Amino acid sequence: MRIPGDDEIRALHERHAPTREAFERVWTHSEIVCRIAEQIGGDGLDMALVRAGCLLHDIGVYRLKPDDHYIRHGLLGYELLAGAGLPETLRRFCAHHTGVGITRDDVSRQRLPLPAGDYLAETGEEELVMYADKFHSKSIPPRFVSAATFAVNVSRFGADKVERFTSLVDRFGEPDLDALAAEYGHAVI
């Protein structure tokens with residue numbers, strides 16, 4: 001499988017972003033997630049694939065309509081990348097990075113606006129992208145999110161989600177957010 005480079009992925013973002021501001025917010029977030037993933041690393045993982053996954057994971061945000069639920073951005077990104085002719089391996093980074101994974105039971109129990117199915121990271125590369133994404137928010141203003149803060153936030157979805165996040169912390173460790181926060185001028189919460 002050919003993995004697209006940064007310039008090709010950036011051009012895809014620029015082509016689909018509805019505004020320059022949207023592009024800057026999503027692209028900067030994607031670059032930061034990439035930096036976090038590279039800092040954490042992963043033994044035996046294809047880091048070129050991880051990099052592409054980080055840069056592509058939130059591209060579906062551009063397709064959200066004002067009345068859409070944000071949780072749909074993953075599927076919208078999956079569809080966008082399918083339309084661009086990118087392989088399933090890359091499309092999955094979009095559909096399988098939300099929270100610490102969404103199960104078919106989550107979709108049903110929470111009445112999520114998603115087709116019934118499991119949206120779980122299955123490969124080490126998918127897990128690393130999903131995990132690194134938890135440490136930065138595109139909120140306005142953007143900010144870095146500590147592991148402790150994310151654990152508290154995800155607890156509202158159940159103890160199983162906290163356990164899943166804790167297992168990722170144990171596997172990958174916590175990133176050093178202070179240097180990135182200083183570089184980007186974003187607070188750590």
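What follows is a walk through a predicted model, from its small sheet to its cores, an enclosed helix and its open and closed spaces.

The sheet comes first. Three strands make up an open sheet in the order β1-β2-β3, and the pairing is mixed. The edges are taken by β1 (136-137) and β3, each of which pairs on one side only. Strand β2, residues 143-144, runs parallel to β3, and two bridges hold that pairing. On the β3 side, A187 is the bridge partner of R143.

Just ahead of β3 sits H186, in the loop that links α10 (177-184) to β3 (187-188). Is H186 buried or exposed? With a relative accessible area of 14%, H186 falls under the 20% cut-off and therefore counts as buried. Once neighbours within four places in sequence are set aside, the contacts of H186 are I32, H136, P142, R143, F144 and A181. Among these contacts, R143 and F144 are the residues of strand β2, while H136 belongs to strand β1.

Next come the nonpolar cores. In soluble globular proteins, nonpolar side chains tend to be buried together. The largest core here has 49 residues, and the members that touch the most others are I36, L81, Y131 and F165. Helix α2, spanning residues 20-40, is the top contributor to this core, with ten residues. Another core lies apart from the largest one; it has seven residues, including I102, V107, L114 and Y119. Back in the largest core, Y131 makes contact with I40, F165, L168, V169, F172, G173 and E174, again leaving out neighbours within four places in sequence.

Helix α5 (residues 88-95) is largely enclosed by the rest of the structure, because six of its eight residues are buried. Which residues of α5 are buried? They are L90, R91, R92, F93, C94 and A95. The cover over these residues includes α3 (47-56), α4 (73-83) and α7 (124-133).

One residue of α4 shows how this helix meets α5. Y78 sits in helix α4 and is partly exposed, because its relative accessible area of 22% lies between the 20% and 50% cut-offs. Not counting residues up to four places away in sequence, Y78 touches E88, R91, R92, C94 and A95. Y78 and C94 are 16 residues apart in sequence, yet their C-alpha atoms are 5.4 Å apart in space.

That leaves the spaces. The largest pocket has a volume of about 790 Å³. Its lining comprises 28 residues, and those nearest the centre are T98, G99, K134, F150 and R156. By class, the lining of this pocket splits into ten nonpolar, ten polar and eight charged residues. Both β1 and α8 (147-154) supply at least two lining residues each, and α8 gives the most, with three.

How many cavities of 30 Å³ or more does a search of the whole structure find? The search turns up one, and the largest cavity holds about 40 Å³ of space. Around the cavity are I71, G74, L75, A95, T98, I102, L114 and Y119. Six of these lining residues are nonpolar and two are polar, with no charged residues. Several names recur here: I102, L114 and Y119 line the cavity and also belong to the seven-residue core. A95, another lining residue, is one of the buried residues of α5, and T98 lines the cavity as well as the largest pocket.

How values were computed:
Residues numbered from 1 in each chain as written. Predicted model: local features only at pLDDT ≥ 70, side-chain atom pairs only at ≥ 80, totals over all residues. Heavy atoms only, no water. Helix = DSSP H or I, 4+ residues; strand = E, 2+ residues; numbered from the N terminus. Buried < 20%, exposed > 50% of the residue type's maximum accessible area, 1.4 Å probe, protein only. Contact = heavy atoms within 4.5 Å. Pairing = 2+ DSSP bridges. Core = buried A, V, L, I, M, F, W, Y, C linked by side-chain atoms within 4.5 Å. 1 Å grid on protein atoms, 1.4 Å probe; cavity = no way out; pocket = protein on both sides within 12 Å on 5 of 7 lines; lining within 4 Å. Points joined across faces, edges and corners; volume = space filled by probe spheres on them. Nonpolar A, V, L, I, M, F, W, Y, C, P; charged D, E, K, R; others polar.
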